[in-house]
Amino acid sequence: DIGCPEDEFAAFCDQHPDRTVVVYANTSAAVKARADWVVTSSIAVELIEYLDQRNEKILWAPDKHLGNYVRSKTGADVLCWDGACIVHEEFKAQGLEDLKAAYPGSAVLVHPESPASVVEMADVVGSTSQLIKAAQDMDNQTFIVATDKGIFYKMQQLAPHKTFVEAPTAGSGAACRSCAHCPWMAMNGLENTLAVLEDDNGCGQEIFVDPTLAAKAMKPLDRMLEFGARLKP
C-alpha cells in the first residue's frame with residue numbers, strides 16, 4: 001500500500017505489542033497478515049465495541065479519519081496509523097456548508113473516512129451500502145454525497161426520482177482537485193476485467209501471492225467474516 005507500507009506498518013505494530021491490530025479491508029495481503037482483525041466500514045463500530053468490551057486496546061490502520069470516527073462512537077482506546085483516503089481527505093466542511101445553503105432541504109450523506117469536520121455535518125454517516133440504503137429510505141428529494149462518485153450510478157438507479165449532488169472537495173466555490181474520484185477504483189473497468197479473463201497467453205495479468213503470506217492474511221479476514229455473520233438478524 002502507498003499509504004501503509006508493509007515494513008513501516010510492521011515496525012509501528014512492534015512498537016505497540018499490547019494492542020490488537022485492526023486493519024481496513026482496503027489493504028495489502030502483507031498488511032492483513034500482520035493484523036489480528038480485518039474490518040469493513042459497515043461493521044467497524046460494532047467490532048471495536050466488541051473488542052472494547054473485552055478491554056482490548058486497538059491499533060487501527062490505515063485510515064485515521066475512519067479510526068477517529070470509530071473512537072468517537074465507541075469511546076475505545078484507538079491508536080491510529082497516520083493514513084487517509086486520497087478522495088475522502090479532500091472533502092471540506094466550508095464548501096459543504098455553502099452547498100447545503102444552495103440546496104435547502106437536502107440531506108448530507110458522508111462516508112466515515114471523511115475528516116471529522118465533514119462527518120459532523122452529516123445527516124447519515126455510513127458505508128457505501130448504508131449510504132445507498134439511506135438515499136432510498138429517506139424522504140429528502142436531494143442528497144449531497146461525500147464519498148467516491150462511483151456510488152452515484154447505484155443511487156440514481158435505485159432512486160431515479162431523486163437528485164444527487166457531489167460534495168465539494170479542495171478549493172473554493174466548489175472547485176475541486178480530486179472531484180470525488182478515486183483513480184485506483186476507476187481502473188476496475190469492464191474492458192480491464194475482460195482483458196484479464198481473456199488473457200490466455202500469460203501477459204502478466206495474474207497476481208500471485210505467496211501461499212504462506214496468503215494463509216496469514218486469511219486468518220483476520222475469516223475472523224471478521226465470522227463476526228459479521230453473528231451480527232446478522
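In the predicted model, Trp-81 touches residues from two stretches of the chain, not counting residues up to four places away in sequence: Gly-3, Cys-4, Pro-5, Glu-8, Phe-9 and Phe-12, and also Trp-60, Ala-61, Pro-62 and Lys-64. Trp-81 is found in the loop between strand β4 (78-80) and helix α5 (93-102). The relative accessibility of Trp-81 is 9%, and the residue therefore counts as buried, the cut-off being under 20%. Asp-63 lies 18 residues from Trp-81 in sequence, and the C-alpha atoms of the two are 6.9 Å apart in space.

The strand that precedes this loop, β4, belongs to an open sheet of four strands. The strand order is β2-β1-β3-β4, and the pairing is parallel. The edges of the sheet are formed by β2 (37-39) and β4; each has a single partner strand, so one side of each is left without a neighbour in the sheet. On average, and with direction ignored, neighbouring strands of this sheet are turned by 30° against each other. Strand β3 (residues 58-61) runs parallel to β4 and is joined to it by three bridges. Within this pair, Trp-60 stands opposite Cys-80 of β4. Trp-60 is also one of the residues that Trp-81 touches.

Helix α4 (residues 64-74) lies across three strands of the sheet, namely β1 (20-24), β3 and β4. The angle between α4 and β4 is about 165°. Lys-64, another of the residues touched by Trp-81, falls within the range of α4.

A further helix, α7, spans residues 128-137, and its buried residues are Leu-131, Ile-132, Ala-134 and Ala-135. Seen down the axis of α7, these buried residues fall within an arc of 160°, so they line one face of the helix. They pack against three strands, β5 (107-110), β6 (124-125) and β7 (142-146), as well as against helix α8 (152-158) and strand β8 (163-166).

Over the whole protein chain, the secondary structure comes to 10 helices and eight strands. The chain has 233 residues, of which 42% count as buried. Among contacts with a separation of 6 or more, 55% are accounted for by residues 24 or more positions apart. The accessible surface of the chain comes to about 12,900 Å², and 52% of this surface belongs to carbon and sulfur atoms.

Key
Residues are numbered from 1 along each chain as its sequence is written. This is a predicted model: local features need pLDDT of at least 70, side-chain atom pairs count only at pLDDT 80 or more; totals for chains, interfaces and linings use all residues. Side-chain values use heavy atoms; hydrogens and water are left out. Buried means under 20% relative accessible area, exposed over 50%, partly exposed in between (1.4 Å probe, protein chains only). Helices (H or I, at least four residues) and strands (E, at least two) are DSSP runs, numbered from the N terminus. The arc is that of the directions from the helix axis to the C-beta atoms. Contact means heavy atoms within 4.5 Å. Accessible areas come from the Shrake-Rupley method with a 1.4 Å probe; for residues, only the protein chains shown count as cover. Two strands pair if DSSP finds at least two bridges between them. Axes are lines fitted to C-alpha atoms, for helices over the stretch in contact, and angles run from 0 to 180 degrees between N-to-C directions.
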